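Visitor: Could you take me through the open spaces of this one and stay with what lines them? I'd like to hear about the walls, piece by piece.

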Amino acid sequence: MCGIVGYIGNRQAAEIVLKGLKRLEYRGYDSAGIMLFDGEKLKVSKTKGKVADLEAKINSQITTHGTVGLGHTRWATHGIPNDVNSHPHLSNSGNLAIIHNGIIENYDAIKKALIKRGYVFKSDTDTEVLVNLIEDIKINQNLKLGKAVQVALNQVVGAYAIAVFDKTKPDEIIVARLGSPLAIGVGKGEFFIASDASPFIEYTNNAIYLEDEEMAIVRLGREVRIRKIEDDTMVTPYIQELQLNLDQIEKGGYPHFMLKEIYEQPNAITDTYRGRLLVDQGLIKMSGMDDHMQKFLNAKRIIIIGCGTSWHAGLVAEYIFEDFARIPVEVEYASEFRYRNPVITKDDVVIAISQSGETADTLAAIKLAKANGAFVYGVCNVVGSSIARETHSGSYTHAGPEIGVASTKAFTTQITLLTLMALRLAKANGNLSEKDYYLHLQELERIPGKIEQALLLNEHIAGLSNIYKSASNFLYLGRGYNFPVALEGALKLKEISYIHAEGYPAAEMKHGPIALIDEHMPVVVIAPKQGHYDKVISNIQEIKSRKGKIIAVVTEGDTQVKSLADHIIEVPETLEAFTPLLNTIPLQLLSYHIAVMRGCNVDQPRNLAKSVTVE
Ligand code: G6P
């Protein structure tokens, strides 16, 4: 994880780099640092803490004059978060500076060899080893910086997006990637380097996304030169015009990105189905799927892989695909899938779900599935991401940038997209009646409006949050389609409020969790009118008789649960398959308000990062 940003040009780099780091803080935020070059000296300022701490400290440590800069916001892997372990790291001569997102796995052996050659290390990081390896190769083999970086990278094992600067060659920055994202912003007489395009969007719309195993020499007054790290082959740079705009990556008046993103869901879902859901024509058009329909029709089963919230979206999709298209579905954590010698054949379709498109475990699982002959379909949000490129085909969710670390709109747009896929397949294999097919098409189009209605519950949910903000535990229960919603509700609360929460299928309560229930245990029960309603009512009775506090999410107009529950949250009625899309909204708001009331950092919860590019 970690975010990297760099600048070389005529402007003052400090402001650009610091602002860029703030936009990349979602990638990690336990320490931050900056290197500035003023034409003479490399000046470095680093600190444990957030970019705001760096900003507060920088002027007391260095003068911020300089037109070359490298910055880093860290999610620690090697070495605890402290000032010394923060990036940038300098080589022993003090000439080279590096920023790095990733892990160098064989750093220990290299470090020992370098120590024997007289190198000394200040930090515990793998990155300081890499910059000294580059320096050692540069000096001893008398190579230019670019070549030395290339030789060094061929000796290391691991993952990286790096930027290296040499003060003896101040008109260039060398960058390289393997497994971690890296974008180069191409301006007029200036270049930007970043983990994603958000740090440079107000300066240029032109970006080059490096591919894995590529490196580039970014030199002032020259076009970017890209080469393959392994064999030095030249690659023609592809300059892409970005669709991103500044509004999308700013808070737009909301106190937190998470709240903004919760409120964006009606529009985000509309963007997901725009041009795909053609209700008038009774059609779903998804070119990524249409082009490979035979693969889907011939599939013996679908395997869905993902991590975190994306895995929960996969669980909802399991119900949808099996219900509509009558095809067996297995849902797996990508991290387990890749390490358990799974049985995969060419008759399998694997759907990989990932907001960022960069999650290392999901990426590795995709490679494994491909190597075994499966057809792999990507469901990603970030356009051009590694998973989008690695899969055979796929569809984007078009949710727009999601910056809050706790995933919200990514989840509901993933479910929307997977629903479109299931309906498309059901239409093609004839397993859903015409009537049901049209009914679902029409209702899906109404979902954004119903989410607008659900968002009106905000005040009510803030009130409930105030009552339960000091709870130590929470239980979330749901059945069928809403079991994954219970898991997601519990995950959201854990992630941002640090309250211990568990999600369970409601019927499983009696096999264990019921032992936890007493008057101090709030239990969120998802009890829509459709799907196992009576059974859930029995579960509610069981909680009530043990004095648990019941917060029930019900269908508008419900009276039965109302008479039993301590609090009810009424969401609009919809078809059973779409209840997750509506029931998720109040649970997102509940965790948001509780976390705010507990004084937690909602957008950047402790120990987490949005994009997990390490195993
Ligand atoms: C991290 C994030 C989660 C996310 C998961 C999968 O753990 O904190 O919010 O659900 O990664 O990320 P992806 O980008 O693959 O959906």
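Guide: Quick bit of vocabulary: helices and strands here are DSSP runs, a helix being H or I with at least four residues and a strand E with at least two, numbered from the N terminus. Also, bear in mind that this is a predicted model.

Let's begin with the second largest pocket, which holds about 550 Å³ of space. Its lining is made up of 27 residues, and the ones closest to the centre are Cys307, Gly308, Ala609, Lys610 and Val612. As for secondary structure, at least two lining residues apiece come from α10 (308–325), β20 (348–354), α12 (360–371) and α17 (483–497). Of the elements, α10 gives the largest share, with three residues. Sorted by class, the wall has eleven nonpolar, twelve polar and four charged residues.

Now over to the largest pocket, with about 980 Å³ of space. Here 43 residues do the lining, and closest to the centre you'll find Leu244, Asn381, Val382, Val383 and Pro401. The elements giving two or more residues to this wall are β15 (240–241), α7 (265–273) and α13 (386–390). α7 has the largest share there, at three residues. By class, the lining splits into 15 nonpolar, 15 polar and 13 charged residues.

If you're setting the two walls side by side, charge is a handy thing to look at: 13 charged residues line the largest pocket, while four line the second largest. For helices to click on, try α7 for the largest pocket and α10 for the second largest.

Key:
Residues are numbered from 1 along each chain as its sequence is written. This is a predicted model: local features need pLDDT of at least 70, side-chain atom pairs count only at pLDDT 80 or more; totals for chains, interfaces and linings use all residues. Side-chain values use heavy atoms; hydrogens and water are left out. On a 1 Å grid over the protein atoms alone, a cavity is a set of points where a 1.4 Å probe fits but cannot get out, and a pocket is an open set with protein on both sides within 12 Å along at least five of seven lines; lining residues have an atom within 4 Å of a point. Grid points are joined across faces, edges and corners, and a volume is the space filled by probe spheres set on the points. Ala, Val, Leu, Ile, Met, Phe, Trp, Tyr, Cys and Pro count as nonpolar, Asp, Glu, Lys and Arg as charged, and the others, Gly among them, as polar.
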